[in-house]
Amino acid sequence: MSATFHEVGYAHLVELVHQRDRAARRRLHSVRLSAYAGDGGTCRHGRLLVVFDARYDARVFPYRPHHYGYLHRRDSASPPLYYAVNATLGGVPDRIGAGAINNFETYLFLDRAISGHHAVAVGNLSRFASGQAEVMSYYDGIRHVETLELAPKAHTEIALTSERNGHRLRRVELKALFRLASYVVGRRASGELALFDHMFTYFK
Amino acid sequence: MTTPLDATLDPEILCYCTLLTFGELRAACAAGTWPPPGKEQTGRLCTGCQGDLQYCLRLLGARSGVLTP
């Protein structure tokens, strides 16, 4: 199961089978797409949590195939963003040697100065359980922590200050009781997305 | 035994790693045989279902064992 966030005003395409493989596409048994508003309710306007429950022929894809997203603001002259969609639920990870915990994730920012606004978008795919999480941002060793709690299917963005006490934002981490959907988001001053990337599992 | 866990969920998958359904979870808890053979890793792999699994196990009156090594 994969999850992403969609905002009004963007063209957003997701490839459900890796690398435009025509033969593999025929192995797709079923796909169910769901969208949730920020409070976990059903689809309304604003930022949506979009969930893909895609099931494949297990003989061909015994794991969860990579899903890729294409994101472009309508009428923008900027190039589109191409990103890997967040794997959030399942896919027999023990059979591909990925049995380490994946509810502690990190993201390193580039060395060059960060322009615009950054945030971490977090969503809880659970059907019943609320998810508690900590977002930790690092500024040349200065650590800042924000805590949040998300109801089932709820999602939010935690804004990241680009500088604290003259120190730049270097790294952000997400720690949760169980795996959540998460992306690092960067926006230009106009609000247009300039970065949309999944975080990386800390332990390998 | 009746529980507040909606029976219409039974055919749905709870854990996508082990393909455990809500119905299988309910049956195993009712029989006192949680976790069933082959489903021992439920909630331990991708961890995405762990919150829901804990919730359902509490509703069904089973010891989770999910967080113990």
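**Exercise 1. Polar contacts across the interface**

Work out how many residue pairs are in polar contact between chain B and chain A, and which elements of chain B give two or more residues to the side that touches chain A.

*Solution.* Start with the count: in this predicted model, eight residue pairs are in polar contact between chain B and chain A, with both residues at pLDDT 80 or more. Next, look for the elements on the chain B side. Strand 1 (13-15) and helix 2 (50-59) of chain B each give two or more residues to it. Of these, helix 2 of chain B brings the largest share, five residues. Finally, sort that side of chain B by residue class: 12 nonpolar, four polar and three charged.

**Exercise 2. The extent of the interface**

Find how many residues of each chain are in contact, and how much area chain B and chain A bury between them.

*Solution.* First count the residues: 19 of chain B are in contact with 22 of chain A. Then turn to area. The two chains bury about 1,700 Å² between them, and 56% of it is on carbon and sulfur atoms. Now ask which residues of chain B lose the most area to chain A: they are Tyr16(B), Leu45(B) and Asp52(B), together 37% of what that side buries.

Keep Asp52(B) in view for the last step. Its side chain meets that of Arg127(A) in a salt bridge, at 3.9 Å from N to O. The count of salt bridges between chain B and chain A is two.

**Exercise 3. The fold of chain B**

Write down the order of strands and helices along chain B, then identify the buried residues of helix 1 of chain B and what covers them.

*Solution.* Chain B has two helices and two strands, and along the sequence they follow the pattern β-β-α-α. Of the 69 residues in chain B, 51% are buried.

Now go to helix 1 (residues 22-31) of chain B. Its buried residues are Phe22(B), Gly23(B), Leu25(B), Arg26(B), Ala28(B) and Cys29(B). A helix rule is handy to keep beside that list: an α-helix has 3.6 residues a turn, so residues three or four places apart point the same way. The cover over the buried residues of helix 1 of chain B includes strand 1, strand 2 (20-21) and helix 2 of chain B. Just past the end of helix 1 of chain B, Gly32(B) takes a positive phi of about 70°.

**Exercise 4. Edges of a sheet in chain A**

Take the open sheet of chain A with the order 3-4-1-7 and explain why one side of strand 3 and of strand 7 is left without a neighbour.

*Solution.* Begin with the layout: four strands of chain A form this open sheet, with antiparallel pairing. Strand 3 (28-36) and strand 7 (86-87) of chain A stand at the edges; each has a single partner strand, so one side of each lacks a neighbour in the sheet. For strand 3 of chain A, follow the pairing with strand 4 (residues 48-56) of chain A, which is antiparallel over eight bridges. Within strand 4 of chain A, Asp53(A) is the residue opposite Arg32(A).

**Exercise 5. Strand 8 and its partners**

Find which strands of chain A are joined to strand 8 of chain A, and match residues across.

*Solution.* Strand 8 (residues 104-108) of chain A is mostly covered, with four of its five residues buried. Strand 15 (residues 171-176) of chain A pairs with strand 8 in the antiparallel sense over five bridges, and there Val172(A) is the bridge partner of Tyr107(A). Strand 18 (residues 200-201) of chain A also runs antiparallel to strand 8, joined by two bridges. In strand 18 of chain A, Thr201(A) stands opposite Glu105(A).

**Exercise 6. A hairpin and a histidine**

Describe the turn between strand 10 and strand 11 of chain A, then decide whether His117(A) is buried or exposed.

*Solution.* Strand 10 (residues 131-139) and strand 11 (residues 142-150) of chain A pair antiparallel over nine bridges. Ser137(A) has His144(A) as its bridge partner in strand 11 of chain A. Two residues lie between the strands of this hairpin, and Asp140(A) in the turn has a positive phi of about 50°.

His117(A) lies in strand 9 (residues 117-123) of chain A. With 51% relative accessibility, His117(A) counts as exposed, because the cut-off for exposed is over 50%. Beyond its neighbours within four places in sequence, His117(A) is in contact with Val185(A), Gly186(A), Arg187(A), Arg188(A) and Ala189(A).

Note on methods. Residues numbered from 1 in each chain as written. Chains lettered and ligands numbered in written order. Heavy atoms only, no water. Contact = heavy atoms within 4.5 Å. Buried area = accessible area lost by both parts, 1.4 Å probe. Salt bridge = Lys/Arg side-chain N within 4 Å of Asp/Glu carboxyl O. Polar contact = N/O pair within 3.5 Å; in protein donor to acceptor, adjacent residues only side chain to side chain. Nonpolar A, V, L, I, M, F, W, Y, C, P; charged D, E, K, R; others polar. Pairing = 2+ DSSP bridges. Buried < 20%, exposed > 50% of the residue type's maximum accessible area, 1.4 Å probe, protein only.
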